[in-house]
Amino acid sequence: MATTNLSAYDKNALPDAKDKRIGIVVAEWNADITENLYRGAEKTLLENGVAKENITKLYVPGSFELIYGAKHLLNKNTFDAVIAIGCVIQGETKHFDFVCEAVSQGIKDLNLQYTTPTIFCVLTDMNKSQSIARSGGNLGNKGVECAIAAIKMASLL
Ligand code: DLZ
């Protein structure tokens, strides 16, 4: 079990992100969590030189719709990377499995189909406590990690 903050990073080891344009699609389900993930991602992008006007935020209803939302941003051809933010929490039915499978496979497919990378910033937790811990709690913020991944991937192109 992870017990330490997973979001620490060395700013000096990151490529220059000054002129990068990042699209961020955010699921409204579990909005308290996804907004914290967004805040972590936005703060990290800004800290690393991405201009505020070069960050575009798009809402979709739930994690299942992240694929369509990301595709919509990718089709604009104006971004260097897209980040898909969601939080799926295990319930009493198999819905969790279907949404997790669809969104992970869907984002994988986008990465195969498009030149622009899409970053998987989706928490798939057994309960809300795990999501809180990973969205600015004691285990860090996955939004921070995904912003770093976006900067690195954007610089590959
Ligand atoms: C329906 C649903 C459920 C039960 N749980 C979640 C969740 O934990 N996280 C999430 O992002 N979305 C959830 N959804 C909504 C689906 O992602 C989707 O929006 C609906 O099935 C409509 O397509």
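A polar contact is a pair of N or O atoms within 3.5 Å; within protein, one atom must be able to donate a hydrogen and the other to accept it, and residues adjacent in sequence count only if both atoms are side-chain atoms. In this structure, an N or O atom in the side chain of Ser63 lies 2.7 Å from an oxygen atom of the ligand. The model is predicted: local features need pLDDT of at least 70, side-chain atom pairs count only at pLDDT 80 or more, and totals for chains, interfaces and linings use all residues. Residues are numbered from 1 along each chain as its sequence is written, and side-chain values use heavy atoms, with hydrogens and water left out.

**Ligand contacts**

- The ligand is surrounded by Trp29, Asn30, Gly62, Ser63, Phe64, Glu65, Cys87, Val88, Ile89 and His95, each with a heavy atom within 4 Å of it.
- This shell comprises 5 nonpolar, 4 polar and 1 charged residues; Ala, Val, Leu, Ile, Met, Phe, Trp, Tyr, Cys and Pro count as nonpolar, Asp, Glu, Lys and Arg as charged, and the others, Gly among them, as polar.
- Strand S3 (residues 81-89) gives the most to the shell, with 3 residues.
- Backbone atoms also take part: a backbone N or O atom of Phe64 is 3.1 Å from a ligand oxygen atom, and a polar backbone atom of Gly62 is 3.5 Å from an oxygen atom of the ligand.
- Of the 490 Å² of accessible area that the ligand has on its own, the protein covers 72% (Shrake-Rupley method, 1.4 Å probe).

**Fold**

- The chain contains 5 helices and 6 strands, which are DSSP runs (helices: H or I, at least four residues; strands: E, at least two) numbered from the N terminus.
- Along the sequence their pattern is β-α-β-α-β-α-β-α-β-β-α.
- The radius of gyration is 15 Å, close to the 15 Å that the globule rule gives for 157 residues, so the chain is as compact as a globular protein of that length (C-alpha atoms; rule: 2.2 Å times the number of residues to the power 0.38).
- The C-alpha trace spans about 45 × 35 × 25 Å along its principal axes.

**Backbone conformation**

- Most residues other than glycine have a negative phi.
- Asn30, a residue of the ligand shell, has a positive phi of about 55 degrees and is found in the loop between strand S1 (22-27) and helix H1 (31-47).
- Asn77 has a positive phi of about 60 degrees and is found in the loop between helix H2 (66-75) and S3.
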